Number of protein chains: 2
Amino acid sequence: MENYIENLNWRYATKKFNPEKKLSEDEVQSLLKSIQLSASSYGLQPYEVFVISDEETKAKLKPAAWNQSQLTDASHVFVFAGLKKIDENYLDAYLDNISKIRDIQIQDLSGLKNMLTTNIVEQPEANQKTWAQKQAYIALGNLLSAAAHLKIDTCPMEGFDAQKFDEILGINETNLTSAVIATAGFRSEEDQMQHAKKVRKQKEELFHII
Amino acid sequence: MENYIENLNWRYATKKFNPEKKLSEDEVQSLLKSIQLSASSYGLQPYEVFVISDEETKAKLKPAAWNQSQLTDASHVFVFAGLKKIDENYLDAYLDNISKIRDIQIQDLSGLKNMLTTNIVEQPEANQKTWAQKQAYIALGNLLSAAAHLKIDTCPMEGFDAQKFDEILGINETNLTSAVIATAGFRSEEDQMQHAKKVRKQKEELFHII
């Protein structure tokens, strides 16, 4: 566990990546696996993830993220796009997946379907969108931890224009919208932030032990 | 990394905990450290976490979480409470912390303060609350991963009455509100869900490689 905590201490929001250093295919696959295995409410995974190493696409995204250099210097850009709305079709595909993987008759999942219809599908659309994005943030957390474990640098970012990202990714007329992004690669030796002391709330401020 | 992924595969949303098995103090401290080191937007950590092993408090919370047995059977209940509003005082305490830890004059942080005032403090209160909760979900993700690494079982839960939780925790008239919870402890041998195959979207459905 000490190593696990050390890796979390090692990570920081990388401001300057080394543009020469790229993630290997194995590293990318490990990161994808950690995202895929993330917990989500009912396991609904109400998001999709764009994994971008194409230089041209990264260059197009950069101005929509206040020209932050990470967009083009980092090896990969991960865009977590949340569902805008969870409809019955989505639910059916999810139930179908459970039915196949766990070898359960679809009619035996009707109780689950009714509950999810009430708790999610019938909720106001704005709530569904927020809920989907929160689930994406769990996956973002997983990506950051897994990357730290592999000594891969990351920078999670909310400073981008979601509408422009959606247009560039060609999802603006779909049920997806960009929720949060993370760049991943390797820190530049020049990034002074790697030497800055980590700032966190003291335990007494952050936790209430009952 | 194989071990890391194996641990993520090992974890599942535990439905039935063994009420006899408790987390050790060392285990609790490791989990707290993983939460404390979580990334958050600008490092603002706009949440506090209630870490509850007191049986009486757990029993009080249980009916406010649809009587789910995890509340009392699990060793610990973690309640992530997000800030409702980020005000100037909160910002000042945050900047003060940076100033002390990094030995920077507070006036040299005025650019950062102005940016955070525009980007966060001056945003509509509802947006601030949602934003704070999203940050808490990153920390939730970290808790789940760290627990899996320690072979500690968890169950993240959204099915609870936040208002009742706030009352029981005595925070209903404060700037905090319960956002999401996780129970932690050790699975009961009787929990059949530990044998169920993990259901996840296929990589082709979840990822767009560009």
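These questions and answers go through a predicted model of two chains, A and B.

The model counts local features at pLDDT of at least 70 and side-chain atom pairs only at pLDDT 80 or more, while totals for chains, interfaces and linings use all residues. Residues are numbered from 1 along each chain as its sequence is written, and chains are lettered from A and ligands numbered from 1 in the order in which they are written.

Reader: How many helices and strands does chain A have?
Author: Helices (H or I, at least four residues) and strands (E, at least two) are DSSP runs, numbered from the N terminus. From that end, chain A reads α-α-β-α-α-β-α-α-α-β-α-β-α-β. Its C-alpha trace spans about 60 × 50 × 35 Å along the principal axes. The count for chain A is nine helices and five strands.

Reader: By what turn can chain B be laid on chain A?
Author: Two copies of a chain are related by a rotation about an axis and a shift along it. Superposition is by least squares on the C-alpha atoms of residues with pLDDT of at least 70 in both copies. For chain B on chain A, the RMSD is 0.0 Å and the shift along the axis is 0.0 Å, with a turn of 180°. That is the relation of a two-fold axis.

Reader: Which element gives the most to the side of chain B that touches chain A?
Author: Contact means that C-beta atoms, placed from the backbone, lie within 7 Å. By that test, 54 residues of chain B meet 54 residues of chain A. Elements giving two or more residues include helix H1 (2–10), helix H5 (88–102) and helix H7 (125–149) of chain B. The top contributor, with 12 residues, is H7(B).

Reader: How many nonpolar, polar and charged residues are on the side of chain B that touches chain A?
Author: Ala, Val, Leu, Ile, Met, Phe, Trp, Tyr, Cys and Pro count as nonpolar; Asp, Glu, Lys and Arg as charged; the others, Gly among them, as polar. On this side of chain B, the split is 27 nonpolar, 17 polar and 10 charged residues.

Reader: Which strands stand at the edges of the five-strand open sheet?
Author: Two strands pair if DSSP finds at least two bridges between them. The order is S3(A)-S4(A)-S2(A)-S1(A)-S5(B), with mixed pairing. Each edge strand has a single partner, so one side of each is left without a neighbour in the sheet. The edges are S3 (153–157) of chain A and S5 of chain B.

Reader: Which residue stands opposite A:Val49?
Author: Strand S1 (residues 47–52) of chain A pairs with S5(B) over three bridges, in the parallel sense. At the other end of the order, S3(A) and S4(A) run antiparallel over five bridges. Opposite A:Val49, in S5(B), stands B:Phe207.

Reader: At what angle do H5(B) and H6(B) pack?
Author: Axes are lines fitted to C-alpha atoms, for helices over the stretch in contact, and angles run from 0 to 180 degrees between N-to-C directions. The two axes lie 11 Å apart. Among the contact residues are B:Leu91 and B:Leu95 of H5(B) and B:Leu116 of H6(B). The angle is about 140°.

Reader: What span is expected for H5(A)?
Author: The expected span is 1.5 Å times one less than the number of residues. Helix H5 (residues 88–102) of chain A has 15 residues. Its end C-alpha atoms are 21 Å apart, which agrees with the expected 21 Å.

Definitions and conventions
Contact = placed C-beta atoms within 7 Å.
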